[in-house]
Amino acid sequence: MISQFFVLSQRGDNIVFRDYRGEIQKGSTEIFFRKVKFWKEDGQEEAPPVFNLDGVNYFHVKVVGLFFVATTRVNVSPSLVLELLQRIARVIKDYLGILNEESLRKNFVLVYELLDEVIQGTKRMPGTAVTKSVVANDPTGRRREEIFVDLIEKISITFSSSGYILTSEIDGTIQMKSYLTGNPEIRLALNDDLTIGRGGRSVFDYRSSSGTGAVILDDCNFHESVHLDSFEMDKTLSLVPPDGEFTVMNYRLTQEFKPPFRVNTLIEETGALKAEVIIKVRAEFSSSITANTIMVQMPLPKYTTRASFELEPGAIGQTTNFKEANRRLEWGLKKIVGGSEHTLRAKLTFSPESHGNITKESGPVSMTFTIPMYNASRLQVKYLQIAKKSGTYNPYRWVRYVTQANSYVARI
């Protein structure tokens, strides 16, 4: 229903932006703001809550000086969309306590998770940080002194039917789990070439799989215990961690990055009331990395009555299913090794009722997955130092990288 959602300040600054369908030209936020700011039509001094410009429907409400905006190219109920915008504003205020530009920027990760749950109906993925307590005694009866760091990224990508990236985004977080006694100071070093804010620079450079371009984050925020005195100089964070698990840093990146998977889909009629779907998934990461629990889903035309599947020869750990109740194809893969390609063929049978364009009524293809020891942004924890020396501190530090799919969609 909704193609885009964004929130603008009174100055027209883009605070929150999410593109769900990739069907509207870039720059829609600027087009909207200019039109509203200089509205002089129908003898009105202010723009109406709904208007159409160049085939794009703009819906907006103004809440505490902020513009909450939705766009779409299809005909939808204006009252429904306007009510949705009002409810989104109320939900965000309920979670943040106060609704203003500063609170949105400081809590952008939470805001995006709320948006995806409200608009897409997605559930927030459970945290992948260690949940089992690491406070335990070793065989000698002494308490173990340990610290763990997880760098977790949730990526959102929309591919066009020809495989080009229409939208791409990373919501990341650095989680820490500390069980060090004595409250020692910790220093956490990130990439030397890390930059916060694009500042007019070109799109993300991924000239090689290992990455040679600078890591450029759109924005970020830090835990209240983090000191940034030397961050600008050497990209080092210093903090005295509280006991247990907490978030050291949240960050967001919307520039182009190398996707972990390429998805290609072909659907064509093979006879009267029959069609064949071919889905190919290729892993673009190193062969030393393995993705787990992959699920590929594709909505089929509502008049689909049957689907039979054909996997590649020797396929292991793969499952297929046709959900007749909601006309959806499901393809599960236990694991995918980097550099490999997998193919699924599905033969569809349709009911004799009249139907339109099969391609337009199918898809898009979506994926969920988890990739341990991989991060698309190339943000790295170079080292972790414990400032206070102690014979009981475990010198071993563990940094775990995890990438998950937030919204991974390929249009047909």
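How many residues lie between β3 and β4 in their hairpin, and which residue in the turn has a positive phi? Two residues separate the strands. Asp54 is the residue in question, with a positive phi of about 55 degrees. The model examined here is predicted.

The hairpin belongs to an open sheet. Five strands form this sheet, in the order β2-β1-β5-β4-β3, with antiparallel pairing. The edges are taken by β2 (14-19) and β3 (50-53). Each has a single partner strand, so one side of each is left without a neighbour in the sheet. From one strand to the next, the twist averages 20 degrees.

Individual pairings can be followed along the sheet. Four bridges connect β3 with β4 in the antiparallel sense. Within this pair, Val50 stands opposite Phe59 of β4. Strand β4 (residues 56-63) is also joined to strand β5 (residues 66-72), again running antiparallel, by seven bridges. Here Asn57 has Thr72 in β5 as its bridge partner.

Two helices lie across strands of this sheet. Helix α1 (residues 28-37) lies across β1 (4-8), β2, β3, β4 and β5. The angle between α1 and β1 is about 55 degrees. Helix α4 (residues 108-120) lies across β1 and β2. Its direction makes an angle of about 40 degrees with β2.

The nonpolar interior was examined next. The largest nonpolar core contains 69 residues. Ile174, Met176, Phe261 and Tyr408 have the most contacts inside this core. Strand β6 (residues 146-159) is the element that gives the most to the core, contributing six residues. Another core, of 28 residues, lies apart from the largest one. Phe5, Ile88, Leu99 and Val111 are among its members.

Ile174 illustrates the contacts made by a residue of the largest core. Residues up to four places away in sequence are not counted. Ile174 then touches Val149, Asp150 and Leu151, among others. Its contacts also include Leu188, Leu190 and Leu379. Phe246, Thr247, Val248, Met249 and Tyr251 are touched by Ile174 as well.

Internal voids were also located. Three cavities of 30 Å³ or more are present in the structure. The volume of the largest cavity is about 50 Å³. Its lining includes Ser160, Ser161 and Gly163. Val263, Asn264 and Thr265 also line the largest cavity, as do Ala410, Arg411 and Ile412. Strand β15 (residues 261-271) supplies the largest share of this lining, with three residues.

Terms used:
Residues are numbered from 1 along each chain as its sequence is written. This is a predicted model: local features need pLDDT of at least 70, side-chain atom pairs count only at pLDDT 80 or more; totals for chains, interfaces and linings use all residues. Side-chain values use heavy atoms; hydrogens and water are left out. A nonpolar core is a set of buried Ala, Val, Leu, Ile, Met, Phe, Trp, Tyr and Cys residues joined through side-chain atoms within 4.5 Å. Buried means under 20% relative accessible area, exposed over 50%, partly exposed in between (1.4 Å probe, protein chains only). Contact means heavy atoms within 4.5 Å. Two strands pair if DSSP finds at least two bridges between them. Axes are lines fitted to C-alpha atoms, for helices over the stretch in contact, and angles run from 0 to 180 degrees between N-to-C directions. On a 1 Å grid over the protein atoms alone, a cavity is a set of points where a 1.4 Å probe fits but cannot get out, and a pocket is an open set with protein on both sides within 12 Å along at least five of seven lines; lining residues have an atom within 4 Å of a point. Grid points are joined across faces, edges and corners, and a volume is the space filled by probe spheres set on the points.
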